[in-house]
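Subject: Structure handover

Hello,

Here is the structure I said I would pass on. Please open it and keep it beside this message while you read the notes below.

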Amino acid sequence: MKHHCEYSLFALVCLALPVFAQANPPQSGRDFQGKETRALEADEFANPGMLWVEQGAKLWREARGAAGKSCADCHGDAKQSMRGVAASYPKADANGIPPGRRVLSLDQRINACVESRQAARAFAWESRELLSLSAFISHQSKGLPIKVDITGSAAAAYARGKALYFQRIGQMNLACTHCHDQNWGKTLLAEPVSQGQPDGWPAYRLEWQTLGSLQRRLRACFFGVRAEQPAFGSDDLVALELYLAKRAEGLPIAAPGVRR
Amino acid sequence: MTARLRVPDTARPGDIVEVRLLIQHDMETGFRRDMQGRAVPMNVITEVRARYGESEVFRAELGSGVSANPYLAFPVRALKTGEIRIEWVDSAGVRGGVSAVLNVA
Amino acid sequence: MAGVEGAGVRRRSVLRAMAVIPALANIRNATAQNFLPPQDLRPFIDKLTGGAVVKTGKVTMDMPAIAENGNSIPFILRVASPMTAADHVKSVHVFAPRNPRPLVAAFHFGPHAPRAEVSTRVRLAGTQKVIAIAAMADGSFWSGETPIVVTAAACLDEALG
């Protein structure tokens, strides 16, 4: 009888939880931009993010570090070797670079290669080089659906990311879900609230007047709700990226996007 | 400095073609501060010149009111096969250039 | 008595609060660099025209009616002209009177320009009327103006300035 009561209570609590307006099917951040911003993203020539893609293509072929190797020396033509890669990140790295590391974001995976294979110094977060390579690699997955592995060693990161997504934070006491599940499509001042999808990242943001990573965008959200910002490359941000990628599954990669 | 220039692959004599240009440049206004609160000095592309063969077809003087990573597009009348050559300079005196051949037949 | 004293405290609090308001206004002014009032363009225009009459017409600008970010607004400028040796546009100057530097850009067209037309992207510091003045080969000046609403960002960002 006691057990029965507990189960009933559990069921009641479950029912009482608000039914979230799940982002299903997921909708690209592009759809929440104004007409001119969408047009800029669609314009393969004028999309400013393509400048970073072009620079990334150059860096891909440049030898670097004590090993004197370029990305292309190991990976060949990125058109084939990098096709679909960005759509599967963050990812628990099978090759163990660096050893013992769990889940890596694409930026971290690039830097792991730079350090271990090229024997060069890792690129700084948000540096032109790192953004160029990540934009170039992400662009090779354009049109391919996001699909991430959350099993095995990625399971813990996924759980952490999901918990963070629903965790109220900051002076505004808001969780990601409050804007991006419960209120997407509504407007905040003059701007429609998006679903917070990662498909267009790295993206050229008009507010920044430059290309930036998804982690920079996430940090801006932390700032927006007046919460302490996790550091670039922190386990929290990588976990959040993984949760967002899982949540976005099926959405085609559209990097580099353009956002207001 | 990365830049992109696009002209049509081919044109017929007398055609009006569009020249499109995109230059990677911060177009720093001088009004921004960095994350340490220090003023970032102004540095913008001040002038862009476009030549088609021997003649200047277009020139722009830009200021801080032009967006970062400036985009410019303008029409040119195709006369004969020749190089479209774009050159620019910024406030720091750094020069850049990009060119493409317009095939006219 | 207690009630009266209470009211006195409230009054003092209100007075103190009011004294704070001008200070707050100053902070706003100090940070509101993006929201300058329109500047008088006459000195800029006189320098350009040498005091000649500027007629209205021939110059059009294509911009969205509402821009969602002032940092990058698509902008197309056109001047009606046959663009012949005798009758063509020499230059066009574009002014945004609420920008800290009102002269946005100047465009010069060469002998092969089939049309006086250019497309770019501009920064506008707030809602305003953008003005363009074309100098013609015959020495005349023509102008056009286009209003635009520039909205502010809803989400704060870590970026300064």
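A residue is called buried when its relative accessible area is under 20%, exposed when it is over 50%, and partly exposed in between. By that rule R247(A), with a relative accessible area of 11%, is buried. Please keep in mind that this is a predicted model.

Salt bridges

Side chains of opposite charge can pair when their charged atoms come close. Over all chains, the search turned up 25 salt bridges. One of them joins the side chains of D181(A) and R247(A), with 3.0 Å from N to O. D181(A) sits in the loop between α9 (176-180) and β3 (187-188) of chain A, while R247(A) belongs to helix α11 (residues 235-247) of chain A, so this bridge ties together parts that are 66 residues apart in sequence. Like its partner, D181(A) counts as buried, at 1% relative accessibility.

A second bridge in chain A is formed by D31(A) and R30(A), whose closest N and O atoms are 3.8 Å apart. Are these two residues buried or partly exposed? D31(A) has a relative accessible area of 37%, so it is partly exposed. R30(A) is partly exposed as well, with 28%.

In chain B, R49(B) forms a salt bridge with E47(B), and their closest N and O atoms are 3.2 Å apart. R49(B) is partly exposed, with a relative accessible area of 34%. Which residues are joined with this pair into one network? Through salt bridges that share partners, the network takes in E47(B), R49(B), E56(B), R59(B) and E61(B).

Aromatic rings

How many aromatic pairs does a search of the whole structure find? It finds 13 over all chains. W52(A) and Y204(A) make up one of these, a tilted pair with 5.9 Å from centre to centre and 55° between the planes. This pair links distant parts of the chain: W52(A) is in helix α3 (residues 49-60) of chain A and Y204(A) is in strand β5 (residues 203-205) of chain A, 152 residues apart. W52(A) counts as buried because its relative accessibility is 2%. Y204(A) is also buried, with a relative accessible area of 3%.

Y165(A) and F166(A) form an edge-to-face pair, with centres 5.2 Å apart and planes at 75°. The two partners fall into separate classes of accessibility: Y165(A) is buried, with a relative accessible area of 2%, whereas F166(A) is partly exposed, with 28%. Both belong to one aromatic cluster, together with Y158(A) and Y243(A).

Arginines also lie over ring faces in chain A. R205(A) is over the face of W208(A), at 5.1 Å from the ring centre. R219(A) is over the face of F232(A), at 4.5 Å from the ring centre.

Around Q215(A)

F232(A) comes up again here. Q215(A) is in helix α10 (residues 214-224) of chain A, and it is buried, with a relative accessible area of 1%. Which residues does Q215(A) contact, leaving aside its neighbours within four places in sequence? They are S105(A), W125(A), F232(A), G233(A), L237(A), V238(A) and E241(A). For G233(A), the backbone nitrogen lies 2.8 Å from a polar atom of the side chain of Q215(A).

Nonpolar cores

The largest nonpolar core has 59 residues, and those that touch the most other members are F58(B), I86(B), L77(C), F107(C) and F109(C). Leaving aside neighbours within four places in sequence, F58(B) has contacts in chain B with V48(B), R49(B), A50(B), L72(B) and F74(B), and in chain C with F107(C), H108(C), F109(C) and V118(C). R49(B), named in this list, is the residue that forms the salt bridge with E47(B). Apart from the largest core lies another, of 34 residues, among them L40(A), F45(A), V53(A) and A68(B).

A loop in chain B

Last, please find G53(B), in the loop between β4 (45-52) and β5 (55-62) of chain B. G53(B) counts as partly exposed, at 39% relative accessibility. From C-alpha to C-alpha, G53(B) and V101(B) are 9.5 Å apart in space, and they are 48 residues apart in sequence.

Regards

Terms used: Residues numbered from 1 in each chain as written. Chains lettered and ligands numbered in written order. Predicted model: local features only at pLDDT ≥ 70, side-chain atom pairs only at ≥ 80, totals over all residues. Heavy atoms only, no water. Phe/Tyr/Trp six-rings, centres within 6.5 Å; stacked < 30°, edge-to-face > 60°. Helix = DSSP H or I, 4+ residues; strand = E, 2+ residues; numbered from the N terminus. Buried < 20%, exposed > 50% of the residue type's maximum accessible area, 1.4 Å probe, protein only. Lys NZ or Arg CZ within 6 Å of the ring centre and 35° of its normal. Polar contact = N/O pair within 3.5 Å; in protein donor to acceptor, adjacent residues only side chain to side chain. Contact = heavy atoms within 4.5 Å. Core = buried A, V, L, I, M, F, W, Y, C linked by side-chain atoms within 4.5 Å. Salt bridge = Lys/Arg side-chain N within 4 Å of Asp/Glu carboxyl O.
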